[in-house]
Amino acid sequence: MWFYHKQNYLETMDEKNYKTTDLYLAAFLRLNSQKLKVEKEKGKASFVFKGSEELSKLVNSYLVEEATCNPLAYTNAIKNLKNLIYNI
């Protein structure tokens, strides 16, 4: 299944994995204890998460703008992911 959201970030989801190119969504999910794997192809990073019901709920809450988190921790999660993708 393929679908788009905000600013045309590409996402895919199957029974096992959820894949997104949205750095900010990935940071939010990482902040909420979701383990990720980074894939880089042709200079573009994708974030892959193990699919679960909890993950689906977190993604939905983020996309409908109902999610909340600590702003400083979120900023640090974004910085950490940027460092990770630029050093791969």
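## Exercises on salt bridges and a hairpin

Lys 57 has a relative accessible area of 55% and is exposed; this value, like the others here, comes from a predicted model.

**Exercise 1.** Find the salt-bridge partner of Lys 57 and state how the pair sits in its helix.

Step 1. The side chain of Lys 57 meets that of Glu 53 in a salt bridge, with 3.6 Å from N to O. The cut-off is 4 Å, so the pair counts.

Step 2. Both residues belong to helix α2 (residues 53-63); they are 4 residues apart, about one turn of the helix.

Step 3. Glu 53 has 60% relative accessibility, and because exposed means over 50%, Glu 53 counts as exposed.

**Exercise 2.** Which residues are joined into one network by salt bridges that share partners?

Step 1. The structure holds 3 salt bridges. One of them links Lys 19 and Glu 39, whose closest N and O atoms are 3.1 Å apart. Lys 19 lies in strand β3 (residues 17-20) and Glu 39 in strand β4, 20 residues apart, so the pair links distant parts of the chain.

Step 2. Glu 39 also forms a salt bridge with Lys 37, at 3.6 Å between the closest N and O atoms.

Step 3. The network therefore consists of Lys 19, Lys 37 and Glu 39.

Step 4. Lys 19, at 30% relative accessibility, is partly exposed, and Glu 39, at 29%, is partly exposed as well.

**Exercise 3.** Describe how strand β4 pairs with strand β5.

Step 1. Strands β4 (residues 36-41) and β5 (residues 44-50) run antiparallel and are joined by 6 bridges. Val 38 has Phe 47 in β5 as its bridge partner.

Step 2. The two strands form a hairpin with 2 residues between them, and Lys 42 in the turn has a positive phi of about 55°.

Key: Residues are numbered from 1 along each chain as its sequence is written. This is a predicted model: local features need pLDDT of at least 70, side-chain atom pairs count only at pLDDT 80 or more; totals for chains, interfaces and linings use all residues. Side-chain values use heavy atoms; hydrogens and water are left out. Two strands pair if DSSP finds at least two bridges between them. Buried means under 20% relative accessible area, exposed over 50%, partly exposed in between (1.4 Å probe, protein chains only).
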